[in-house]
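Student: I am new to this structure and would be grateful for a close look at one part of it. Please then explain how the parts around it are put together.

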Amino acid sequence: MSIRLGVLISGSGTNLQAIIDRIADGSLDASIELVVSSRPSAYGLKRAEAAGIQTLTLSKEIYADPVAADVIIAAALTERDVDYVIMAGYMRKVHEPILEAFPNRVVNLHPALLPSFPGAHAIADAYERGVKVTGVTVHFANADYDAGPIIAQRALPVEESWSVEELEEHIHQIEHELYPEVVGLLAAGRVRVRENGTVAVAPASA
């Protein structure tokens, strides 16, 4: 079944573009109903407009009260009958107005293997720690930052010769593959949150 998405961004929107491209080539059965940006200058807004997607931008003045901002966002997403909220490089925490409007339907992407290296500087933190393996996590967002139920993870062995910039580049490559795949699982109805807070992913039907 096709699902309706609302995408939250703050920056360049490369993960947004990856989803747009997969929808365009027919490999992802979804539509993006609204792109919400926390920054008026975010390049991702241009990507959305180029794809003919409606956008909503909130200024930092509105975000002075983050809960009030999320009331506005939740109302806009609900008005467009969105099935899932996809956080794609959204550099703000989501609060109760969004989480309660879309229970277990707010999805986040994190550039590390949670629960390791939560927070806004995960790639640099992992690099500085000298880890031999890191990766990408896709999880449902909840009231605890970077702690919601994990849907999917993909590991990345770290080469000794890489700079932090090279590590970041490889992380982004995985993000651009894994995130649309997870949206595809959601569209296929294969993702379920168990009562214990873990996620079950059903096998593809034959």
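**A loop and the helices beyond it**

Tutor: Ser-116 sits in the loop between β5 (106-110) and α5 (122-129). The helices (H or I, at least four residues) and strands (E, at least two) are DSSP runs, numbered from the N terminus. This is a predicted model, in which local features need pLDDT of at least 70 and side-chain atom pairs count only at pLDDT 80 or more, while totals for chains, interfaces and linings use all residues. Residues are numbered from 1 along each chain as its sequence is written, and side-chain values use heavy atoms, with hydrogens and water left out.

With a relative accessibility of 37%, Ser-116 counts as partly exposed. On this scale, buried means under 20% relative accessible area, exposed means over 50%, and partly exposed lies in between (1.4 Å probe, protein chains only). Ser-116 and Ala-76 are 40 residues apart along the chain, and their C-alpha atoms are separated by 33 Å.

The residues on either side of Ser-116 deserve attention as well. Pro-115 belongs to the loop between β5 and α5, and a cis peptide bond with an omega of about 10° joins Leu-114 to Pro-115. Phe-117 also lies in the loop between β5 and α5. Although Phe-117 is not a glycine, it has a positive phi of about 55°. Phe-117 counts as partly exposed because its relative accessibility is 22%.

A positive phi is also found elsewhere. Asp-81, in the loop between α3 (66-79) and β4 (84-87), is not a glycine either, yet has a positive phi of about 55°. At 52% relative accessibility, Asp-81 counts as exposed. Gly-26, just after α1, takes a positive phi of about 85°.

Following the chain out of the loop brings us to α5 and its partner α6 (residues 164-187). The two helices pack at an angle of about 125°, with their axes 10 Å apart. Axes are lines fitted to C-alpha atoms, for helices over the stretch in contact, and angles run from 0 to 180 degrees between N-to-C directions. α5 and α6 are therefore oblique to each other. The angle classes are roughly parallel under 35 degrees, roughly antiparallel over 145, roughly perpendicular from 65 to 115, and oblique for the rest. The crossing of α5 and α6 is right-handed; a crossing is right-handed if the near helix is turned clockwise from the far one by less than a right angle, and left-handed if anticlockwise. Where they meet, Ile-123, Ala-124 and Tyr-127 of α5 are in contact (heavy atoms within 4.5 Å) with Val-164, Leu-167, Glu-168 and Ile-171 of α6. This contact has six nonpolar residues, no polar ones and one charged residue. In this scheme Ala, Val, Leu, Ile, Met, Phe, Trp, Tyr, Cys and Pro count as nonpolar, Asp, Glu, Lys and Arg as charged, and the others, Gly among them, as polar.

Helix α6 has a second partner in α1 (residues 14-24): the axes of these helices come within 9 Å and cross at roughly 55°. α1 and α6 are therefore oblique to each other, and their crossing is right-handed. On the α1 side the contact includes Thr-14, Ala-18 and Arg-22, and on the α6 side it includes His-176, Pro-180 and Val-183. By class, this contact has five nonpolar, three polar and four charged residues.

Ala-18 offers a view of this contact from one residue. It lies in α1 and, at 11% relative accessibility, counts as buried. Leaving aside neighbours within four places in sequence, Ala-18 is in contact with His-176 and Pro-180. The other buried residues of α1 are Asn-15, Leu-16, Ile-19 and Ile-20. Among the elements that cover the buried residues of α1 are β1 (3-9), β2 (30-37), β5 and α6.

In soluble globular proteins, nonpolar side chains tend to be buried together. Here the largest nonpolar core has 42 residues, and Leu-5, Ile-32, Ile-86 and Val-107 have the most contacts inside it. Such a core is a set of buried Ala, Val, Leu, Ile, Met, Phe, Trp, Tyr and Cys residues joined through side-chain atoms within 4.5 Å. The largest share of this core, 10 residues, comes from α6. A second, separate core of 20 residues includes Val-85, Leu-99, Phe-102 and Val-106. Not counting residues up to four places away in sequence, Ile-86 touches residues including Leu-5, Ile-19, Val-107 and Tyr-179.
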